[in-house]
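User: Could you walk me through how the domains of this protein sit against each other? I'll put the model up first.

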Amino acid sequence: MKLVAYDDGRAGELRGDRVYDLGGRTIPELIADGLPTAPPGGPGVPLDRVRLRVPVPNPSKIVAAPVNYRDHQAEMSVDSQVGGLGFFLKAPSSLLDPGGTIQLPYHDRRFDQEGELALVIGRTARRVSEADALGHVFGYTGLLDITMRGGEDRSTRKSFETFTPMGPVLVTADEFGDPADVDLRCWVNGDLRQHANTRDLIWSAARLVSYASWVTTLNPGDVVTTGTPAGVGPLAAGDAVRLRLSGIGLDLAVTVRADDAVASHTAGRDRGPVPPPPPGAAR
Ligand code: MN
């Protein structure tokens, strides 16, 4: 089933270009109570008449993989990757609706797009094996892990308000199939910056969920995002970012602004991992 959250946050089933109401319940409520077994009634609403929302607006945590593709490890010139770093957390308050506006907080720092495959937990996971991990997944969706470059802790650099656009479609695990063969493309202003396949993840979605469940209890509705491939690059006010994942069905599109940007409060500039030069810049 292809689920969207829309308007007041209610869940709908996406069929073609129409959205069918599922009884006024939210996606977290469907995760807790189970999906409806009867097909939705009514004529549905055209997709372009609804306001799309983030599928799970209040997860207890967003677990994120640092450096989980070798080509991204190479472009960042770092020795470390997920197998040495473990995961980091993004603040759930950084979630942003599809179609929303990323607000860059500082005028003197670099911010990059990171397109990623994310998953939503469906059943409580605590110390689950890699073989059992995907059985705890409710569904899959797209996520942009917007990131400030520099020497601050990842949880700071990636937790600013609006820094986690997510959605728009949450495809249930039974329909989505294998998360280890997902084509990922991410554009900024129409220029293709990232093109990869999740088969090249260093830690698969299954391994990441298993690992995270040995650290923390993964609750229904929690988000796990799998990391970004090569092609990260800077964002500026006026940019448009688009993420497309095979099997999801709708792109995640957001815009970028820098209203009320101020000088950075921390001194991490020109420290930390060195990001690649902007697209088109001389190396
Ligand atoms: Mn990331």
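**Domains and their interface**

Analyst: The assignment, which is of the automatic or database kind, splits the protein chain into domain 1 (1-53) and domain 2 (55-257). This is a predicted model, in which local features need pLDDT of at least 70 and side-chain atom pairs count only at pLDDT 80 or more, while totals for chains, interfaces and linings use all residues. Residues are numbered from 1 along each chain as its sequence is written, and side-chain values use heavy atoms, with hydrogens and water left out.

User: How many Å separate the two centres?

Analyst: Taken over C-alpha atoms, the centres of domain 1 and domain 2 are 23 Å apart. Domain 1 brings 14 residues to the contact and domain 2 brings 22, where contact means heavy atoms within 4.5 Å.

User: And what area is buried between them?

Analyst: About 1,400 Å², with carbon and sulfur atoms giving 65% of it; this is the accessible area (1.4 Å probe) that the two parts lose on being put together, summed over both.

User: Switching to charges, how many salt bridges cross the interface of domain 1 and domain 2?

Analyst: The rule, a side-chain nitrogen of Lys or Arg within 4 Å of a carboxyl oxygen of Asp or Glu, finds two across that interface. Separately, the side chains of R53 and D97 form a salt bridge at 2.9 Å, N to O.

User: Which elements supply the domain 1 side?

Analyst: β1 (2-6), α1 (27-33) and β5 (52-53) each give at least two residues to the side touching domain 2, and β1 has the largest share, with four residues. Helices (H or I, at least four residues) and strands (E, at least two) are DSSP runs, numbered from the N terminus.
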